[in-house]
Amino acid sequence: MPKVLVLPGDGIGLEITPEAVKVLEAVLKGRPTQLSFEYGLIGGAAIDAAGKALPDETLAAAKAADAVLMGSVGGPKWDNLPAPQRPELGGLLPIRKGLGLFANIRPIKMLPMLVDSSTLRTEVVENVDLVVLRELTGGLYFGEKGRGTNPKSAFDTLVYTEEEIRRIVELGFQMASKRRGRLCSVDKANVLESSRFWREITIEVAKGFPEVELSHMYVDNAAMQLVRWPAQFDVIVTENMFGDILTDLASMLLGSIGMIPSASLNGSKGLYEPSHGSAPDIAGQNIANPLATILSGALMLRYSFGLEEEAQMIERAVERVLQEGYRTPDLAKPGDTVLGTREMGNAVVEALK
Ligand code: NAD
């Protein structure tokens, strides 16, 4: 039986991951493929219990598992630890690196019943259907960083190798060729040498994909265009930090970051987590939106286990629940039925029936 390692992490991670597991168990009930769920520690919870944000046993269990389902890590309690010990730098980044998860896929597709939840006008957001492909194990987050002493200073380094660029860009072309055939590579090639290199490699890779229309966009313009006319985008491929920032921005096209799932892949090996963080401001109140995590579970079925039908069943169940007017508080408008985190998970399970 395929094994899934569940890492709830911190904050709302503890509330949203059980809802995703509940939905996965419900959708697979009576079907040929069953999953076994094991649990582990990561982030602040792991620091408290084991003195380290990514305990060796967690990384070993993640490597041994067929897929990982994660909540989110971090919180004010651990913010002042020295950099390498913090939940993000000591837990999140090392698990991505340790599993070689270089490709982070974040689909952002407007659903008709969410058009009114966006802070942008209907005609701007109604046709949004894009994917951000974020490079996840290189770039600014992984380069050498530190503090100088004379004069007092701090530095982070943005390094990309040809191989790192080539593999993510190739995946971008493959994805675009299966969708609407348009790939936008986002960089800052007017200023950064690493971006000029990224662009050179991208143009070279493009020769193998004549069916895909390639465009290049500076990241500052991309941020503006995502708000001005997001429907122009099909697949966006970009550097680690640019992708981090642009996907938070793009999540608001749908009205809440609580709607955006993600898959971090290295072949069929994958870690699945919502695009948002641990939301300490709402943790423990049963008000977090679990749908990004539930939809990340659907991505797991699709990408790690090839269970396309079951993945779509979850996606349709989520749509049905929203169609019926159920919303967690982050998305609710007057007239909607407001549900808590657990109740939203239950509603998706019901809708599967
Ligand atoms: P965040 O994404 O946790 O929260 C930003 C805002 O969005 C908050 O107001 C929060 O309440 C809201 N929000 C987020 N998810 C929501 C959900 N599912 N339902 C309803 N509202 C939701 O980002 P932040 O506040 O910048 O970071 C909080 C902590 O999370 C920090 O420690 C940060 O480092 C960490 N973080 C972790 C990850 C990860 O584990 N992958 C990603 C981003 C941030």
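## Ground rules

Buried here means under 20% relative accessible area, exposed means over 50%, and partly exposed is anything in between (1.4 Å probe, protein chains only). This is a predicted model, so local features need pLDDT of at least 70 and side-chain atom pairs pLDDT 80 or more, while totals for chains, interfaces and linings use all residues. Residues are numbered from 1 along each chain as its sequence is written, and side-chain values use heavy atoms, with hydrogens and water left out.

## Around the ligand

The ligand has 21 residues around it (a heavy atom within 4 Å). Val-73, Glu-88, Gly-277, Ala-279 and Asp-281 come closest. Sorted by type, this shell holds eight nonpolar residues, eight polar ones and five charged ones; for that count, Ala, Val, Leu, Ile, Met, Phe, Trp, Tyr, Cys and Pro are nonpolar, Asp, Glu, Lys and Arg are charged, and the others, Gly among them, are polar. Helix H4 (residues 87-98) supplies the largest share of the shell, with three residues. Helices (H or I, at least four residues) and strands (E, at least two) are DSSP runs, numbered from the N terminus.

Now for the polar contacts, meaning N or O pairs within 3.5 Å; within protein, one atom must be able to donate a hydrogen and the other to accept it, and sequence neighbours count only through two side-chain atoms. The side chain of Glu-88 puts an N or O atom 2.4 Å from a ligand oxygen. For Asp-281, a side-chain N or O atom sits 2.9 Å from an oxygen of the ligand. Glu-273 deals with a nitrogen instead: one of its polar side-chain atoms is 3.1 Å from a nitrogen atom of the ligand. On its own the ligand exposes 800 Å² (Shrake-Rupley, 1.4 Å probe), and the protein buries 68% of that.

## Helix H7

Helix H7 runs over residues 193-206, which is 14 residues. At 1.5 Å a residue (times one less than the residue count) it should span 20 Å, and its end C-alpha atoms are indeed 20 Å apart.

Its buried residues are Ser-194, Ser-195, Trp-198, Ile-201, Thr-202, Val-205 and Ala-206. They take up an arc of only 140° around the axis (judged by the directions from the helix axis to the C-beta atoms), so they lie on the same side of H7.

## Two buried charged residues

Asp-234 sits in the loop between helix H8 (219-228) and strand S10 (235-238), and at 2% relative accessibility it counts as buried. Its side chain makes a polar contact with the side chain of Arg-179, at 2.7 Å. The side chain of Asp-234 also reaches the backbone nitrogen of Arg-182, at 3.1 Å.

Arg-134 belongs to strand S5 (residues 129-135). It is buried too, with a relative accessible area of 2%, and its side chain makes a polar contact with that of Asn-240 at 2.8 Å.

## Further out

Arg-121, in the loop between strand S4 (103-109) and helix H5 (122-125), is exposed at 56% relative accessibility. Its side chain has a polar contact with the side chain of Glu-123, at 2.8 Å. Arg-121 and Leu-253 are 132 residues apart along the chain, yet their C-alpha atoms are separated by 9.5 Å.

Glu-38, in strand S2 (residues 36-39), is partly exposed, with a relative accessible area of 32%. From Glu-38 to Leu-183, 145 residues apart along the chain, the C-alpha separation is 38 Å.
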